[in-house]
Amino acid sequence: MIFDVGHGGGSFAWRIAVPAMKEGLLPDSISTDLHINSMNAGMKDMLNVMDKFLAMGMPLDGVIARSTWNPAKEIRHEELGNLSVDAPADVAVLRLEKGNSASPTCTAPG
């Protein structure tokens, strides 16, 4: 069984996610359920979803693995989701910023 977040317009609730994380119920993968209605609601984009897990205390390396390598393994395409020699690359360069809010934020530099 694979536990994927699949955050869309209505498939994420803080009141469920926070206690689940505290009990050790961590998703195997973090993804979006991007569609016309979800992109302008609580999900916004992949960085927004990743940021929610940072805010709940998941370490950055766990958030990255659950957003890249783990999904690639789940769909049986292990050539994806990593930066191995000769692997196809689709790279995002991010910077972790901490501001005045209670949660860290992932942003694309520049």
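# A tour from the second pocket outwards

Helix α1, spanning residues 14-22, is the largest contributor to the lining of the second largest pocket, to which it gives four residues. Start by selecting that helix in the viewer, and keep in mind throughout that this is a predicted model.

**First selection: the second largest pocket**

With helix α1 highlighted, add F3, F12, I16, A17 and F53, which are the residues nearest the centre of the second largest pocket among the 13 that line it. The volume enclosed there is about 190 Å³. If you colour the lining by residue class, the second largest pocket shows 12 nonpolar residues and one polar residue, with no charged residue in the set.

**Second selection: the aromatic residues around F12**

Keep F12 and F53 on display and add W14, since F12, W14 and F53 together form one aromatic cluster. How many aromatic pairs does the model contain? The count is two. In the pair made by F12 and W14, the ring centres lie 5.2 Å apart and the planes meet at 90°, and because an angle over 60 degrees counts as edge-to-face, the pair is assigned to that class. The pair formed by F12 and F53 is also edge-to-face, with 6.3 Å from centre to centre and 70° between the planes. F12 belongs to the segment before α1 whereas F53 belongs to helix α2, so this pair ties together parts of the chain that are 41 residues apart in sequence.

Switching to a surface view adds the question of cover: which of these residues are buried? Both F12 and F53 are. For F12 the relative accessible area is 17%, and because the cut-off for buried is under 20%, F12 falls on the buried side. W14, by contrast, has a relative accessible area of 41% and is partly exposed.

**Third selection: the largest pocket**

Move next to S67, T68, D90, V91 and A92, which lie nearest the centre of the largest pocket and belong to a lining of 19 residues. The space in this pocket amounts to about 670 Å³. Two elements, α2 (46-55) and α3 (60-67), each give two or more residues to the lining of the largest pocket, and it is α2 that supplies the largest share, with three residues. Helix α2 is also where F53 of the aromatic cluster is placed, so selecting α2 is a convenient way to step between the two views. Coloured by class, the lining of the largest pocket divides into 13 nonpolar, five polar and one charged residue.

**Fourth selection: the loop between α4 and β1**

Now select the loop that joins α4 (69-74) to β1 (95-97), where R76 is found. What is the sign of phi at R76? The value is positive, near 60°, in a residue other than glycine. R76 counts as exposed, at 74% relative accessibility. D86 has its place in the loop between α4 and β1 as well, and its phi is likewise positive, near 70°, again in a residue other than glycine. At 79% relative accessibility, D86 also counts as exposed.

**Fifth selection: two pairs of residues separated in sequence**

Go back into helix α4 and pick K73, which is partly exposed, with a relative accessible area of 36%. A distance monitor drawn from the C-alpha atom of K73 to that of S29 should read 9.9 Å, although 44 residues along the chain lie between these two positions as a sequence separation.

For a second such pair, go to G9, in the segment before α1, and draw the corresponding monitor to M39: the C-alpha atoms are 7.5 Å apart in space, and the residues are 30 apart in sequence. G9 counts as partly exposed, at 46% relative accessibility.

**Last selection: the whole protein chain**

Finally, select everything and switch to a cartoon. The protein chain has four helices and two strands, and its order along the sequence is α-α-α-α-β-β. Among contacts in the protein chain with a separation of 6 or more, 53% are between residues 24 or more positions apart. Of its 110 residues, 27% count as buried. In a surface view, the accessible area of the protein chain comes to about 7,300 Å², and carbon and sulfur atoms account for 56% of that area.

Note on methods
Residues numbered from 1 in each chain as written. Predicted model: local features only at pLDDT ≥ 70, side-chain atom pairs only at ≥ 80, totals over all residues. Heavy atoms only, no water. Buried < 20%, exposed > 50% of the residue type's maximum accessible area, 1.4 Å probe, protein only. Contact = heavy atoms within 4.5 Å. Areas by Shrake-Rupley, 256 points an atom, 1.4 Å probe, with all protein chains shown as cover. 1 Å grid on protein atoms, 1.4 Å probe; cavity = no way out; pocket = protein on both sides within 12 Å on 5 of 7 lines; lining within 4 Å. Points joined across faces, edges and corners; volume = space filled by probe spheres on them. Nonpolar A, V, L, I, M, F, W, Y, C, P; charged D, E, K, R; others polar. Phe/Tyr/Trp six-rings, centres within 6.5 Å; stacked < 30°, edge-to-face > 60°.
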